[in-house]
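Subject: Structure handover

Hello,

Here is the structure for you to look over. My notes follow below it.

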Amino acid sequence: MTRIAFIGLGNMGGPMAANLLKAGFEVQVFDLSVAAVGSAVAAGAHAAASATAAVAGAQIVISMLPASRHVEGLYLGDTGILAAIEPGALVIDCSTIAPASAQKVAAAAAERGVAMIDAPVSGGTAGAAAGTLTFIVGGDVDALERARPILQAMGKNIFHVGASGAGQVAKLCNNMALGVIMAVTGEALALGVAHGLDAKVLSQMMAVSTSRSWATEVCNPWPGVLENSPASRGYSGGFGNDLMLKDLGLAAEAAMGVGASIPLGELARNLYAMNSRAGHGGLDFSSVVKLVAPDA
């Protein structure tokens, strides 16, 4: 049986690990949150005392962490787990980080005889729970083929977009577009409500018209439009505003690196920064609508 080490059991990692368990894999987990580890153990996982202990004897190592510094800190340096991962193992990092960080860790892994792919995801917490995530993969084709059965247990779509780091570039492109779309969808709904329109009816019209998007159909930013959206539960859960802000910052850095122009992406970054300063950093990113509709 393939033994998997899973490190990072947050809003995304927890359900992803649970789906691996449902698929019959042996999973050993580690997270700084005792409660998160407890939930995974209740689902059938084995708890490890540390990240280093988690990877002992593992053929596959999966990480799902918040930022570049966490991924580099986990794998690299004197206390990094690369030294404890067996040569021939495969690392799948599902975090959304800077492309340069992904390439740095992958190069260090290769020096130790460990294959690594960057495989950030799209689909949100709902997709993580349902096992319908999209994996956006950068790295060697052979490594991806080794990872494919694992990824298929957690997701529905797998795209190989290029060499190491390419998965991160593609993910940042996707999230930049999403951030812009969510912000303008909130503005459109706020405009309609200000004119007396029903937000639910307006959203239903938009969802079958030319402004149709994930923001209108799955994660609508207006409370009460979609029963299961974060907006309808006080913007709790989902994808945090500050995580979107982080990704837009990474997109801006990536754009600067190649001289690309992203005026709408930069504007969106400023909007999510304003929302964070307004005290909404921990809320779902759809709470950006509060900038134009404070009572939403």
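How are H8 and H11 oriented to each other? This is a predicted model, so please read everything below in that light. The axes of helix H8 (residues 166–194) and H11 lie 9 Å apart, and the two helices pack at an angle of about 120°. An angle over 115 but not over 145 degrees counts as oblique. H8 and H11 are therefore oblique to each other. Their crossing is left-handed. On the H8 side, the contact is made by Leu-172, Asn-175, Met-176, Leu-178 and Gly-179. H11 brings Met-244, Asp-247, Leu-248, Leu-250 and Ala-251. By class, seven residues of this contact between H8 and H11 are nonpolar, two are polar and one is charged.

Other helix pairs

H8 also packs against H9, at about 130° and with the axes 9 Å apart. That makes H8 oblique to H9 as well. The crossing of H8 and H9 is right-handed. H8 contributes Thr-185, Ala-188, Leu-189, Gly-192 and Val-193 to the contact. Ala-199, Leu-202, Ser-203 and Met-206 come from H9. The contact of H8 with H9 has six nonpolar residues, three polar ones and no charged ones.

Then there is H11 with H12. Their axes come within 9 Å and cross at roughly 150°. Angles over 145 degrees count as roughly antiparallel. H11 is therefore roughly antiparallel to H12. H11 passes H12 in a left-handed crossing. From H11, the contact takes Asn-241, Asp-242, Met-244, Leu-245, Leu-248, Gly-249 and Ala-252. From H12, it takes Gly-265, Glu-266, Ala-268, Arg-269, Tyr-272, Ala-273, Asn-275, Ser-276 and His-280. The classes here are seven nonpolar, six polar and three charged residues. Met-244 and Leu-248 of H11 appear in the contact with H8 and in the contact with H12.

Nonpolar cores

The largest nonpolar core has 35 residues. Phe-6, Met-16, Leu-20, Ile-62, Ile-92 and Phe-135 have the most contacts inside it. At least two of its residues come from each of these strands: S1 (3–7), S2 (26–30), S4 (60–63), S5 (90–93) and S8 (133–138). The same holds for helices H1 (13–22), H2 (34–42) and H7 (141–152). H7 gives the largest share of this core, five residues.

Leu-20 is worth a look. Leaving out residues up to four places away in sequence, Leu-20 touches Ile-4, Phe-6, Phe-25, Val-27, Ile-62, Ile-150, Ala-153 and Met-154. A second, separate core has 27 residues, including Ala-48, Leu-82, Ala-106 and Val-114.

Single residues

Start with Ala-119. It sits in the loop between strand S6 (115–118) and strand S7 (121–122). Ala-119 is buried, with a relative accessible area of 0%. Neighbours within four places in sequence aside, Ala-119 is in contact with Ile-92, Asp-93, Cys-94, Phe-135, Ile-136 and Val-137. Ile-92 and Phe-135 are also among the residues with the most contacts inside the largest core. Leu-151 is 32 residues from Ala-119 along the chain, with 9.0 Å between their C-alpha atoms.

Next, Tyr-235. Tyr-235 is not a glycine, yet it has a positive phi of about 60°. Its place is in the loop between helix H10 (214–217) and helix H11 (241–258). Is Tyr-235 buried or exposed? Its relative accessibility is 2%, so Tyr-235 counts as buried.

Ser-286 touches Tyr-235. Ser-286 lies in the segment after helix H12 (263–280). It is buried, at 0% relative accessible area. Beyond four places in sequence, Ser-286 also touches Met-182, Cys-219, Pro-221 and Ala-231.

Last, Asp-198. This residue is in the loop between H8 and helix H9 (199–207). Asp-198 counts as partly exposed, at 45% relative accessibility. Asp-198 and Val-225 are 27 residues apart in sequence, and 9.4 Å apart in space, C-alpha to C-alpha.

Over to you.

Best wishes

Definitions and conventions
Residues numbered from 1 in each chain as written. Predicted model: local features only at pLDDT ≥ 70, side-chain atom pairs only at ≥ 80, totals over all residues. Heavy atoms only, no water. Helix = DSSP H or I, 4+ residues; strand = E, 2+ residues; numbered from the N terminus. Buried < 20%, exposed > 50% of the residue type's maximum accessible area, 1.4 Å probe, protein only. Core = buried A, V, L, I, M, F, W, Y, C linked by side-chain atoms within 4.5 Å. Contact = heavy atoms within 4.5 Å. Axes fitted to C-alpha atoms, helices over the stretch in contact; angles between N-to-C directions. Parallel < 35°, antiparallel > 145°, perpendicular 65-115°, else oblique. Left-handed = near helix turned anticlockwise from the far one by under 90°. Nonpolar A, V, L, I, M, F, W, Y, C, P; charged D, E, K, R; others polar.
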